[in-house]
Amino acid sequence: MYEEVEISVEQASDAKVLIISVAARLAGMHPQTLRQYDRLGLVQPGRAGGGGRRYSERDVALLREVQRLSQDDGVNLAGIKRIIGLEQLVGDLQQRLHELEAQLDEAYARIAQMESPYSGRDLVRQERPSTALVVWRPRRVSDK
């Protein structure tokens, strides 16, 4: 009766466009289960102007993961919430790591440019040669 749809969390959209009945059908759950998961904080759907819940493809993929952890692995909802939080933290830390690696690469590139003999700049600041004129007069033997 229902067509099976495969959604991967990594490639899923964040657009909150699915109403609760469609999201429940795609996740293979009852709409009341989605409401309960919202109250528990497992999934955070968006809200429409009238207050109705709106889910994204990523939310549906997360709901499927919650169902898998609960039914197949026997994890309780508190444990699932902790797992979701830790996975989010790992994702955030990986993103920050990529940002810092990019900044480090830029810094190395700037250092390499400064150290390059063709850059035209010295690492140590040198004083400009003076254009002052120095007059030197030898001492005469009689000046002693």
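Here is a short chat about the core, the surface and the salt bridges of this predicted model.

Visitor: Which residues touch the most other members of the largest nonpolar core?

Guide: In general, nonpolar side chains in soluble globular proteins tend to be buried together. Here the largest nonpolar core has 17 residues. Helix 1 (20–27), helix 2 (31–40), helix 3 (57–71) and helix 4 (77–115) each put in at least two of them. The ones touching the most other members are L34, L42, Y55 and L63.

Visitor: Let's pick L63. What is L63 in contact with, leaving aside its neighbours within four places in sequence?

Guide: L63 is one of the core residues that touch the most other members. Contact here takes heavy atoms within 4.5 Å. With the sequence neighbours within four places set aside, the list for L63 reads A27, M29, L34, Y37, V43 and Y55.

Visitor: Moving to the surface, which residues make the nonpolar patch of about 270 Å²?

Guide: Start with L89, which sits in helix 4. Its relative accessibility is 44%, and partly exposed covers the range between 20% and 50%, so L89 counts as partly exposed. The patch is made by L86, L89 and L93.

Visitor: Now the charges. How many residues apart in sequence are the parts that K16 and D59 tie together?

Guide: K16 and D59 form a salt bridge, with their closest N and O atoms 2.7 Å apart. K16 lies in the segment before strand 1 (18–19) and D59 in helix 3, so the pair ties together parts that are separated in sequence by 43 residues.

Visitor: And is D59 buried or exposed?

Guide: Its partner K16 has a relative accessible area of 33%, so K16 is partly exposed. For D59 the figure is 8%, and the cut-off for buried is under 20%. That makes D59 buried.

Visitor: Which residues are linked in a network of salt bridges?

Guide: Look at D38 first: its side chain meets R47 in a salt bridge at 3.1 Å, N to O. D38 also meets R53, this time at 2.7 Å, N to O. R53 lies in strand 3 (residues 53–55) and D38 in helix 2, so this pair ties together parts 15 residues apart in sequence. The linked residues are D38, R47 and R53.

Visitor: Within that network, is R47 buried or partly exposed?

Guide: Both R53 and D38 are buried, with D38 at a relative accessible area of 16%. R47 has 48% relative accessibility, so R47 counts as partly exposed.

Visitor: How many salt bridges does the structure hold?

Guide: Side chains of opposite charge can pair when their charged atoms come close. The pairs K16 with D59, D38 with R47 and R53 with D38 are among them. The total for the structure is 6.

Key. Residues are numbered from 1 along each chain as its sequence is written. This is a predicted model: local features need pLDDT of at least 70, side-chain atom pairs count only at pLDDT 80 or more; totals for chains, interfaces and linings use all residues. Side-chain values use heavy atoms; hydrogens and water are left out. A nonpolar core is a set of buried Ala, Val, Leu, Ile, Met, Phe, Trp, Tyr and Cys residues joined through side-chain atoms within 4.5 Å. Buried means under 20% relative accessible area, exposed over 50%, partly exposed in between (1.4 Å probe, protein chains only). Helices (H or I, at least four residues) and strands (E, at least two) are DSSP runs, numbered from the N terminus. Patches are made of residues with over 30% relative accessible area and no salt bridge: like charges are joined within 9 Å, nonpolar side chains (Val, Leu, Ile, Met, Phe, Trp, Tyr) within 5 Å. Accessible areas come from the Shrake-Rupley method with a 1.4 Å probe; for residues, only the protein chains shown count as cover. A salt bridge is a side-chain nitrogen of Lys or Arg within 4 Å of a carboxyl oxygen of Asp or Glu.
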